[in-house]
Amino acid sequence: MDEFIPLGAAAEAAVSLKRPTQAEAEAAIRTLIRWAGDDPDREGVRDTPGRVARSYLEFFSGYTQDPVALLERTFAEVEGYDEIVLLRDIRLESHCEHHMVPIIGRAHVAYLPHRRVVGISKLARVVDAYAHRLQIQEKLTAQIANTIQHVLQPLGTAVVIEAAHECMTTRGVHKSGVSMVTSRMLGAFRDDPNTRRELMAMIGNRSPDSLEA
Ligand SMILES: [Zn+2]
């Protein structure tokens with residue numbers, strides 16, 4: 001496996017130390033409103049800097065979360081269960097680090113347990129912890145997979161992400177209806193074509209109902 005050290009609490013603290021105040025963030029947003037060509041003192045946008053700053057706390061809440069800690073509580077009573085565990089169609093909301101506009105899609109996260117399993121909601125929270133940062137899809141995919149493999153030490157980990165990038169649909173080349181697919185396969189999912197094929201069949205094998213969602 002590639003060398004990988006998940007961003008730990010110390011690195012997170014260093015990032016937050018340099019965080020500006022809410023007032024500084026609001027001043028920057030006022031500048032952007034002027035840059036767009038509008039008047040930040042106009043009634044309709046007067047409270048916008050405050051709202052945008054608070055929205056950023058939500059969009060980028062991943063910087064204050066430790067994905068490693070999320071996975072530390074595991075369950076060993078699994079009655080010998082040793083087949084693929086797949087969490088499919090996890091809603092993904094992120095922001096592209098080049099344009100700071102949304103990346104919207106879904107993630108499929110799978111692992112092949114080795115004696116212990118983790119609560120499934122934790123897998124979704126690991127996705128959010130990395131997605132709620134400035135990202136590119138390739139790095140996001142790798143970070144989720146690497147962290148699960150590193151902390152849970154299963155026989156294999158797989159992450160597949162399908163997402164649309166607003167920097168491509170609302171600006172630049174203006175191509176809508178395009179999604180980007182990335183995957184990271186580790187352990188058995190990388191080494192064993194049968195295991196990988198079984199996973200891809202599980203991801204693709206949707207009921208008509210779930211396709212509507
Ligand atoms: Zn972009």
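**Close-up views: two pockets and two helix pairs**

By class, four nonpolar, three polar and two charged residues make up the lining of the second largest pocket. That pocket belongs to a predicted model, as does everything else shown in these views.

**View 1. The second largest pocket and what surrounds it.** Have a look at the space first: there is about 150 Å³ of it in here. Around it you'll find Glu58, Phe59, Glu93, Ser94, His95, Pro102, Ile104, Ala131 and His132. Three elements each chip in at least two lining residues, namely H3, strand S2 (85-96) and strand S3 (102-112). Which of them gives the most? That's S2, with three residues.

**View 2. The largest pocket, with about 700 Å³ of space.** This one has 20 residues in its lining, and the ones nearest its centre are Pro20, Ala25, Tyr56, Phe60 and Met100. Helix H1 (9-17), helix H2 (22-36) and helix H3 (48-59) are the elements that give two or more residues to this lining. H2 takes the largest share, with six residues. What kinds of residues are these, by class? The lining of the largest pocket splits into 15 nonpolar residues, four polar ones and one charged one.

**View 3. Helix H2 packing against helix H3.** Here's a pair you've already met as part of the largest pocket's lining. The angle between H2 and H3 is about 115°, and their axes sit 8 Å apart. How does H2 pass H3, in a left-handed or a right-handed crossing? The crossing is right-handed. On the H2 side, the contact is made by Gln22, Ala25, Glu26, Ile29, Arg30 and Ile33. H3 answers with Thr48, Pro49, Gly50, Val52, Ala53 and Arg54. Sorted by class, that contact holds six nonpolar, three polar and three charged residues. Keep an eye on Ala25 of H2: this residue is part of the contact with H3, and Ala25 is also among the residues nearest the centre of the largest pocket.

**View 4. Helix H5 packing against helix H6.** Now for H5 (residues 120-131) and H6 (residues 137-152), which pack at an angle of about 135° with their axes 10 Å apart. Because of that angle, H5 counts as oblique to H6. H5 passes H6 in a right-handed crossing. From H5, the contact uses Leu123, Val126, Val127, Tyr130 and Ala131, while H6 brings Leu140, Gln143, Ile144, Thr147 and Ile148. Eight of these residues are nonpolar and two are polar, with no charged ones in the contact. One familiar name turns up again: Ala131 of H5 is in this contact, and Ala131 also lines the second largest pocket.

Note on methods
Residues numbered from 1 in each chain as written. Predicted model: local features only at pLDDT ≥ 70, side-chain atom pairs only at ≥ 80, totals over all residues. Heavy atoms only, no water. 1 Å grid on protein atoms, 1.4 Å probe; cavity = no way out; pocket = protein on both sides within 12 Å on 5 of 7 lines; lining within 4 Å. Points joined across faces, edges and corners; volume = space filled by probe spheres on them. Helix = DSSP H or I, 4+ residues; strand = E, 2+ residues; numbered from the N terminus. Nonpolar A, V, L, I, M, F, W, Y, C, P; charged D, E, K, R; others polar. Axes fitted to C-alpha atoms, helices over the stretch in contact; angles between N-to-C directions. Parallel < 35°, antiparallel > 145°, perpendicular 65-115°, else oblique. Left-handed = near helix turned anticlockwise from the far one by under 90°. Contact = heavy atoms within 4.5 Å.
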